[in-house]
Structure formats: structure tokens, C-alpha cells
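Reader: Please take me through one part of this model in detail. I would like to look at the sheet and what lies across it, and then at one pair of packed helices.

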Amino acid sequence: MPLQRHQSSAARCGSTAASAPHCSRSRRSRWSRRAGVVVTVWGVSAVLAGCADASSGGDSDDDGNAGEAGETITVVTSIDVYADLVEQIAGETADVQPMVDNPAVDPHSYEATPQDRLAVDSADVIVANGGGYDAFLTRLAESAGKQDQVYQLIEGENEHSHGDDGGYENEHIWYDLDQMQDFVAEFADYLADEVPDNADLYQENAEALGEELTELKAEVEDVSADGMSFLATESVSGFLLEDAGFEDLTDEQFLAAVEHGDDVSPRLYQQALDIATSDGIGLLAYNPQTETSQSEQIRSAAEDADVAVMEFSETLPEGVDSYVEWMHSQIGDLDETVGRVNG
Ligand SMILES: [Zn+2]
């Protein structure tokens, strides 16, 4: 699945546009990231390089941003996973606000709040996964007239792409480390186009993050799940498990129905129960964030049959702020589970 690099410019106040009149006294919003509470500072400092010079002769040291003032952009992302990756790349030069960072909330059925609307209204860059996953964000961007500020990872319309045959395409690409490496490199370039003054910083940070992702890929390769298979109650962990060597036994029509928030047909449900309790299955991948009575039944049937069950969530778990840390921990758990099942 190709990543899309959106070319349109989000920066309207770059250093080459110091005289742009709309930059002169920008409202500056800062967001408290984890608490989900919007903290708005009605300041006079400018948002981007150049604006500060235009409005206040460069006197923008009062925003607590340690000399980086005037180079801060505001980024809104659909899920906290992308917020963390963007923060790793942009460092102190961006205020990043995810819309979904509560592990008790199912992002698939998330409904944007008035606060989300405000966040999008004042965002310089909007990062969406695409593929139908976070259409709530692209819709907000559209209604705010900010389509051009959207960086969408999965190319094309933000709709589920299912063929007539019920085929399923997995949009949970943040479980695919290769795709995240592409994203990190491309997004650093994108930001560099927006704020050229920070290009070196973005590049350096992206390279460091890319190396961490390379280490994670090596950890996945060390998981020896070759010859093992899994069933998933939802597709979130699919890329990671396949990279670890697992074969996916989940029916695509089952995944498509779950994706649409529908109950799975009795036939597919029974088939899933049969697979989840069969001798050949190595793992049940359970998504607690998209739990339904059917998925709970499949889980308890698997547990009764002594099948290993692992939980994989959509977004960062409680108390975890780092994508790399989260993946490291999940891969470690997977390795342990595989060892136990094979032992
Ligand atoms: Zn999902």
C-alpha cells in the first residue's frame, strides 16, 4: 500500500512570507496532549518563523518554547500513535494534538467533538491514516476548508476499500514497521517543505527514529512463528503477526464485517469459533478496543480450548506514550507467547 506524500503547503507563515498580513497577530493555541483537555493560550506570539518578525520584531521568547519560538507549528492527528511519531520528528517545534488517545475508545466509531473541530480549525498540519479509518478527521478538515493541510498516509479517498467479493484491505498500517519507516522519512520531508528552517532537525530526528524502527524490525524477525497460524477478532495486528511469520486464518469477510461495525454472519461466526478452538491454531489475536459479544465469545472459546490469547489494541495503552516502546513491548510479549506455545 503506497504512502501518499501530500505536496500542498500547510505553512503560510514561513520565513519567506514574513510580510504576510494574516501572520501578523496569530492566535496561538497550545494543547495539553495526554489529558484530552484543550488548553488555549490567547497569546500574541506568531505561529511560524517570519510571523514573529512581522508582528513583534522577533520578540517571542515569552511562549516558553526555549528559543524555538516562532518556529512552532500546530499538528492534529487522528490517533495518538501518529501524534507520538510526529512529536519524535518535530521535537519542540510542534504542538501535537491527537483526537483519540483513550484506550477505552474505539477509533473506528469515534465521533468528533466540538474541541476537535477547534483543533482542526487552528491546525497547520492534519495527519490522517486514511483507508476509511479516520474519516471523522478528514471530514472536519473538509468542513474547515483545510483539505490542503491534510497529510494522509493511505492514498486516495478516506473510505473503506472493499471489492464486491467482500475482500478486505487492512488499513492498520502502523502495525507495519516498513510502512512506518516510509512515513517517518516522508513526513520529515513534508515538514521540511513547510518549515525549511527546521529541515536539518527534522531530518536528524527522523533518522534516529528510523534506526529505532530498524531495531524493532530485527526483533520481529527474531520471533520464530514460522509454521504457526493465528485468528484475529479484528485486523489491527495483522501486519505485525504476518511479519513475525504467522499465517492469518481469519476470513476476509469476517474482517470486513467487523470493520463495518456489523455483527458477523452466523456462518462466519461459527467458522471463527471452530478455528479458534482447533488444534492447529497458534494464537488468538484479540482487540479489546473493538470488543463485541461475538468477539468475547470467540475469546472465551479459545481460552477454554487452551489456545494462547494476546491482546493488541488500536492506540497506545494506558501509561504508554511512545510508539517505539509500545511496539517493543508487544513484540517481546509475542516472542514469549510463541516460545511458550512451541515449548
Ligand atoms: Zn481496527
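Author: What follows describes the sheet, then the helix lying across it, then a helix pair. The model is predicted.

The sheet is open and has four strands, in the order E2-E1-E3-E4, with parallel pairing. Its edge strands are E2, residues 94-100, and E4, residues 150-152. Each of these two pairs on one side only. Averaged over the sheet and with direction ignored, neighbouring strands are turned by 20 degrees against each other.

At the E4 edge, the partner is strand E3, residues 125-128, and three bridges join E3 to E4. These two strands run parallel. Within this part of the sheet, Ala128 stands opposite Gln152 in E4.

Helix H4, residues 135-143, lies across E1 (73-79), E2, E3 and E4. Relative to E3, helix H4 runs at about 150 degrees.

The helix pair consists of H6, residues 199-221, and H11, residues 323-342. Their axes are 10 Å apart, and the packing angle is about 10 degrees. Because angles under 35 degrees count as roughly parallel, H6 is roughly parallel to H11. On the H6 side, the contact is made by Glu212, Leu216, Glu219 and Val220. H11 contributes Val324, Met327, His328 and Ile331. Sorted by class, the contact of H6 with H11 has five nonpolar residues, one polar residue and two charged residues. The charged residues are Glu212 and Glu219, and the polar one is His328.

Methods. Residues are numbered from 1 along each chain as its sequence is written. This is a predicted model: local features need pLDDT of at least 70, side-chain atom pairs count only at pLDDT 80 or more; totals for chains, interfaces and linings use all residues. Axes are lines fitted to C-alpha atoms, for helices over the stretch in contact, and angles run from 0 to 180 degrees between N-to-C directions. Angles under 35 degrees count as roughly parallel, over 145 as roughly antiparallel, 65 to 115 as roughly perpendicular and the rest as oblique. Two residues are in contact if their C-beta atoms, placed from the backbone, lie within 7 Å. Two strands pair if DSSP finds at least two bridges between them.
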